[in-house]
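Colleague: Please take me on a close look at the space left inside this model and at what lies around that space. I am new to this, so please explain each term as we reach it.

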Amino acid sequence: MASKGLKKKFDDFLFDHEGAKTTFEIIKSLLACVIAAMLYTFGYRCFMLNTDPSLSLVAGGMSGFSQIIAKILEILKIAKPEDIATWQPILNYLLNIPIFIIGWKFVGKRFAIFTLVTVALTSLFTYIMPQSILNLFALEEDLLPRALFAGICTGLSTAFAFKNGTSTGGFDVVSLAVANKKSTNIGKYLVIFNGFVLVGYTITSYVYFKQNPITRVDEITNEIVTLKNPALVLFLFSAIYLFTNALMNDFVNKRFKKAQIQIITTNENISNILISQFPHGCTIMNGKGAFSKNEKLVIYMVVSSDEVQKVVSLVQLADPNAFINVTTLSQVYGRFYIEPFK
């Protein structure tokens with residue numbers, strides 16, 4: 001209760017001091033940029049990038065495109081696999097500049113600026129991450145845990161960034177622009193867009209491994225053997241990573257999830273309270289209790305998933321005896337307002 005009281009006082013203070021509110025929001029967004037960049041870098045650098053080409057999984061978006069370009073440079077003998085941590089951050093930042101323009105035009109100006117900050121921090125952290133951390137989380141040749149841990153970390157990073165008005169760049173921004181327009185979950189668009197990156201990386205890896213066969217020592221015979229189809233192996237485990245990333249994104253990010261709330265009440269003012277507090281309309285129907293035979297109002301309202309608890313709290317405050325039913329929706333058609341990024 002004490003924490004709620006302090007939070008209310010703090011919110012009231014920010015409401016009365018517009019300058020302090022703006023400063024607080026900027027600091028909060030910058031902190032979110034740092035946390036999202038650190039989390040993404042941890043998953044990407046520790047579990048995906050590797051100086052051994054046969055262990056380097058591909059990410060989605062511009063990070064994946066930068067890996068494709070780096071792989072082409074390796075094929076042309078311009079770069080070496082051990083230089084991936086040098087080439088990738090530079091290429092990733094440059095490739096995200098057009099994404100910044102898309103975010104500025106179709107999502108929001110402040111969103112685009114903080115996205116550019118997040119991408120810059122991600123590139124910086126990828127470049128300077130100490131080798132001691134990489135050694136601590138080395139999983140040797142176990143590609144499955146690499147893919148899963150990377151997908152969880154980067155998926156959480158992306159969802160956390162979206163929740164705080166920024167993004168990790170790449171196809172996250174493009175997917176968000178499409179999801180905003182269609183008012184649906186972002187995960188499926190990430191899978192579609194990143195699928196093209198996965199195919200491109202697989203093709204370039206195939207060409208690279210044709211030129212540079214990967215050999216291993218057989219643990220049983222102690223003979224040197226050449227790995228068969230390493231590009232296909234990377235394709236399969238990179239696909240696992242991309243699906244894990246998309247699932248984590250949709251699981252955590254509630255911005256595009258919707259719920260229908262059915263309220264059975266006798267309080268005629270509840271609909272006015274809801275309309276005044278939420279940017280959504282509602283529908284009122286007349287009903288009758290089967291047991292009491294009393295006249296009742298049945299109110300239907302569709303809200304975002306992160307608004308459900310606030311709706312329930314307001315209704316229970318106005319009518320403690322109201323019956324409330326919440327149903328998760330997969331899609332709605334028609335006009336449904338989602339607060340845009342600034």
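Modeller: Let's begin with one term: a residue is buried under 20% relative accessible area, exposed over 50% and partly exposed in between, using a 1.4 Å probe and protein chains only. The model is predicted, so local features need pLDDT of at least 70 and side-chain atom pairs 80 or more, while totals for chains, interfaces and linings use all residues. Residues are numbered from 1 along each chain as its sequence is written, and side-chain values use heavy atoms, without hydrogens and water.

Our starting point is N194, which sits in helix α9, residues 187-211; helices are DSSP runs of H or I with at least four residues, strands are E runs of at least two, and both are numbered from the N terminus. N194 has a relative accessible area of 7%, so it is buried. Beyond its neighbours within four places in sequence, N194 touches G60, G61, F171 and L242, where contact means heavy atoms within 4.5 Å.

Now for the empty space. A cavity is a set of points on a 1 Å grid where a 1.4 Å probe fits but cannot get out, and its lining residues have an atom within 4 Å of a point. Points are joined across faces, edges and corners, and the volume is the space filled by probe spheres set on them. The model holds two cavities of 30 Å³ or more.

The largest cavity has a volume of about 200 Å³. Its lining counts 20 residues, and nearest its centre lie Y40, G60, T168, G169 and D172. Several helices take part: two or more lining residues come from each of α3 (61-75), α4 (84-106), α5 (109-128), α8 (171-182), α9 and α10 (230-252). So α9, where we met N194, is one of the contributors to this lining. In character, the lining has twelve polar residues, seven nonpolar and one charged. Here Ala, Val, Leu, Ile, Met, Phe, Trp, Tyr, Cys and Pro count as nonpolar, Asp, Glu, Lys and Arg as charged, and the others, Gly among them, as polar.

The second largest cavity has a volume of about 70 Å³. Around it stand N50, T51, P53, S56, Q67, A70, K71, E74, P81, I84 and Y201. Helix α3 gives the largest share of this lining, with four residues. Five of the lining residues are nonpolar, four polar and two charged.

Finally, let's visit some residues in and beside the helices we have named. In α5 you will find R110, which is partly exposed, with a relative accessible area of 31%. The C-alpha atom of R110 is 8.1 Å from that of G165, although the two residues are 55 places apart along the chain.

K77 belongs to the loop between α3 and α4. At a relative accessible area of 57%, K77 is exposed. Its backbone deserves a second look: most residues other than glycine have a negative phi. K77, which is not a glycine, has a positive phi of about 65°.

N229 can be placed beside K77 as another example, with a positive phi near 50° in a residue other than glycine. You can find N229 in the loop between β2 (224-226) and α10. With 53% relative accessibility, N229 also counts as exposed, whereas N194, our starting point, is buried.

Definitions and conventions:
1 Å grid on protein atoms, 1.4 Å probe; cavity = no way out; pocket = protein on both sides within 12 Å on 5 of 7 lines; lining within 4 Å.
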